[in-house]
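The exercises below ask for a careful reading of one protein chain, beginning with its interior and moving outward to its sheets and surface. Work through each task before turning to its solution.

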Amino acid sequence: MARIRMKIMIYRALPAFTSEIRTGDYVTRSRRFAREHAATCAAYHEEPYQVIRAWVPADLVVGANNPGEFKWTGEPIRGRHTLTESPITG
């Protein structure tokens, strides 16, 4: 009998020019947390950041040291675009 793997949604904030979640990257289960991180990074780096998402096997996501953050342990995957945060210009 085949084993059924539970899947979960993960999010990652990263520069707008890429959509790959690499092995060892920090991810979160919270879209809001990822969006806030993308907004902060966009302002700090003065370039657009996006949030991507992916359905992944739960056993390939492990806890990290910071609350709300996890690490992706699977092979690199492409996420789907969720939103883009642009830098604030004055």
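**Exercise 1: the interior**

Task: list the residues of the largest nonpolar core and state which strands supply at least two residues of this core.

Solution. The largest nonpolar core (buried Ala, Val, Leu, Ile, Met, Phe, Trp, Tyr and Cys residues joined through side-chain atoms within 4.5 Å) consists of 11 residues, namely Ile8, Ile10, Leu14, Ile21, Val27, Ile52, Ala54, Val56, Ala58, Val61 and Trp72. Strand 1 (7-15) and strand 4 (49-57) each contribute at least two residues to this core, strands being DSSP runs of E with at least two residues, and helices runs of H or I with at least four, numbered from the N terminus. Apart from this core lies another, of 10 residues, including Ala13, Ala34, Cys41 and Leu83. This is a predicted model, in which local features need pLDDT of at least 70 and side-chain atom pairs count only at pLDDT 80 or more, whereas totals for chains, interfaces and linings use all residues. Residues are numbered from 1 along each chain as its sequence is written, and side-chain values use heavy atoms, with hydrogens and water left out.

**Exercise 2: strand 4 and its partners**

Task: determine how many residues of strand 4 are buried, and how many bridges join strand 4 to strand 8.

Solution. Of the 9 residues in strand 4, 7 are buried, where buried means under 20% relative accessible area, exposed over 50%, and partly exposed in between, with a 1.4 Å probe and protein chains only. Strand 4 pairs with strand 1 in the antiparallel sense over 9 bridges, pairing being assigned if DSSP finds at least two bridges between two strands, and Ala13 stands opposite Val51 of strand 4. Strand 4 is also joined to strand 8 (residues 80-85) by 5 bridges, again antiparallel, and the partner of Arg53 in strand 8 is Arg80.

**Exercise 3: the open sheet**

Task: give the strand order of the open sheet of 3 strands, and explain why one side of strand 3 and of strand 5 is left without a neighbour in the sheet.

Solution. The order is 3-6-5, with antiparallel pairing. Strand 3 (26-27) and strand 5 (61-63) stand at the edges with a single partner strand each, so one side of each has no neighbour in the sheet. Between strand 5 and strand 6 (residues 70-72) there are 3 bridges, and Gly63 has Phe70 as its bridge partner in strand 6.

**Exercise 4: the whole chain**

Task: state the order of helix and strands along the sequence.

Solution. The chain has 1 helix and 8 strands, which follow the pattern β-β-β-α-β-β-β-β-β. Buried residues make up 36% of its 90 residues.
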